[in-house]
Amino acid sequence: MNTSYAFTVMTPSYNRASTLPRVYESLLQQDFKDFEWLIIDDGSTDNTAELVQSWIAEAKIPIRYKWQTNQHKKTAFNHGVREAHGELIVALDSDDTILPDALSNMWQQWQAIPEAERANYIAVTGLCARPDGQIVGDKYPQDVMAITSLDMSFKHQVRGEKFGCLQTSVLRQFPFPEDIRGFVPESLVWRKIARAGYKTRFVNQVYRTYFDSADSLSAEGARMGKQHALGLILLARDTVQDCLPWFWDQPKEFIKAAIRYTRFRLHLKDQGVALPELAQLSDWRAKLLVAACAPIGYALYRRDAS
């Protein structure tokens with residue numbers, strides 16, 4: 001893949017003119033300059049376009065601005081991946097900041113991977129901190145680890161918001177599914193990449209200052225409401241069926257997923273939506289687990305409805 005920059009910092013945005021300056025200022029402070037800032041505007045109706053054009057005129061950093069009709073965060077993300085000119089993509093939310101040495105450290109970590117092995121890596125992933133400096137979630141068991149994200153999640157049980165860069169050429173092979181209505185958990189994409197054998201270089205280095213916001217993909221997924229029933233069913237199915245090799249590492253997580261499968265399937269039925277084929281179970285072990293947990297899933301569904 002021909003690239004023009006080491007990084008594309010890619011920011012999907014919708015009506016975030018009030019917070020984008022925070023992103024811009026953090027990019028101006030980077031001690032590593034081989035990057036572009038790509039803003040994907042998902043149909044904003046505020047003054048985002050004018051604001052970005054003023055920054056482009058300043059010419060302090062390379063900025064590209066792409067507008068699309070309002071669709072969904074996953075569509076804007078895919079758009080940005082297609083447009084990226086960087087070898088690596090940093091997906092930075094429209095109200096967050098990265099530390100001044102974030103890009104330089106990511107690049108150092110990426111270059112530390114032997115060149116012959118880099119094609120087998122999807123990411124360098126570090127930590128997030130809140131504005132007060134508190135680390136979000138868990139640190140990694142070791143300061144540098146090269147494993148898949150599934151092994152990190154299930155075997156090492158590391159939790160919490162994480163952040164880093166992604167290899168553009170690999171990411172283009174695994175787009176977010178745009179034919180699925182509404183919210184699609186980003187974990188579905190990261191897990192698919194991990195099952196394909198791509199490793200991540202995990203480092204105990206803080207890269208991002210995390211601000212709680214409804215604008216982020218991860219925050220959107222945290223709203224466990226009925227409006228996200230299909231996406232949550234897909235994630236539950238992915239756990240109980242496609243992640244079965246990791247069952248004995250964290251059986252409780254598989255039981256919880258089996259419960260969610262029934263719970264949100266009933267919500268989907270209430271909406272008059274048939275369960276799509278890609279959300280159906282085919283493995284007998286997954287079917288048995290879901291059936292065993294169905295009474296609890298039904299009870300939670302009834303509680304939701306009350």
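Asn15 counts as partly exposed in this predicted model, because its relative accessibility comes to 27%, and partly exposed is the band between the 20% and 50% limits. You'll find Asn15 in the loop between β1 (5–13) and α1. Its backbone is worth a look: phi is positive, about 50 degrees, although Asn15 is not a glycine. Most residues other than glycine have a negative phi. Ala59 is another residue of this kind, with a positive phi near 60 degrees. Ala59 sits in the loop between α2 (48–58) and β3 (63–67), and at 59% relative accessibility it counts as exposed.

Step from the Asn15 loop into helix α1, residues 20–28, and you come to Ser26. Is Ser26 buried or exposed? With a relative accessible area of 5%, Ser26 is buried, since the cut-off for that label is under 20%. A polar atom of the Ser26 side chain lies 2.9 Å from the backbone oxygen of Val23. Once you leave aside the neighbours within four places in sequence, Ser26 is in contact with Thr97 and Ile98.

Now for the aromatics. The structure holds 16 aromatic pairs. One of them joins Phe77 and Phe176: the ring centres are 5.2 Å apart and the planes stand at 75 degrees, so this pair is edge-to-face. Where do the two partners sit? Phe77 belongs to helix α3 (residues 73–83), while Phe176 is in the loop between α6 (168–171) and α7 (186–195), so the pair ties together parts that are 99 residues apart in sequence. Both Phe77 and Phe176 are buried. Elsewhere, ring pairs link Phe154, Trp246, Phe247, Trp248 and Phe254 into a cluster.

Follow the chain on from the Phe176 loop and you reach α7. The buried residues of α7 are Leu188, Val189, Arg191, Ile193 and Ala194, so an arginine is on that list too. What do these buried residues pack against? Their partners are β6 (121–129), α5 (149–155), α6 and α9. After α7 comes Gly197, with a positive phi near 100 degrees.

One of those partners, α9, leads us to a helix pair. Two packed helices are described by the angle between their axes and the distance between the axes. For α9 (residues 229–242) and α10 (residues 251–270), the angle is about 150 degrees and the axes are 8 Å apart. The crossing of α9 past α10 is left-handed. On the α9 side, the residues that meet α10 include Ala229, Leu232, Ile233, Ala236 and Val240; their counterparts in α10 include Phe254, Ala257, Ala258, Tyr261, Phe264 and Leu268. The residues of this contact divide into 12 nonpolar, 2 polar and 4 charged. Among the residues of the contact are Arg237 in α9 and Glu253, Arg260 and Arg265 in α10. Phe254 has already come up, as a member of the aromatic cluster.

Beyond α10, the loop leading to α11 (284–305) holds Glu277. Its relative accessible area is 70%, so Glu277 is exposed. For a sense of distance, compare Glu277 with Ile56: 221 residues separate them in sequence, and their C-alpha atoms are 46 Å apart in space.

How values were computed
Residues are numbered from 1 along each chain as its sequence is written. This is a predicted model: local features need pLDDT of at least 70, side-chain atom pairs count only at pLDDT 80 or more; totals for chains, interfaces and linings use all residues. Side-chain values use heavy atoms; hydrogens and water are left out. Helices (H or I, at least four residues) and strands (E, at least two) are DSSP runs, numbered from the N terminus. Buried means under 20% relative accessible area, exposed over 50%, partly exposed in between (1.4 Å probe, protein chains only). A polar contact is a pair of N or O atoms within 3.5 Å; within protein, one must be able to donate a hydrogen and the other to accept it, and residues adjacent in sequence count only if both atoms are side-chain atoms. Contact means heavy atoms within 4.5 Å. Axes are lines fitted to C-alpha atoms, for helices over the stretch in contact, and angles run from 0 to 180 degrees between N-to-C directions. A crossing is left-handed if the near helix is turned anticlockwise from the far one by less than a right angle, and right-handed if clockwise. Ala, Val, Leu, Ile, Met, Phe, Trp, Tyr, Cys and Pro count as nonpolar, Asp, Glu, Lys and Arg as charged, and the others, Gly among them, as polar. Rings of Phe, Tyr and Trp (its six-membered ring) pair if their centres lie within 6.5 Å; planes under 30 degrees apart count as stacked, over 60 as edge-to-face and the rest as tilted.
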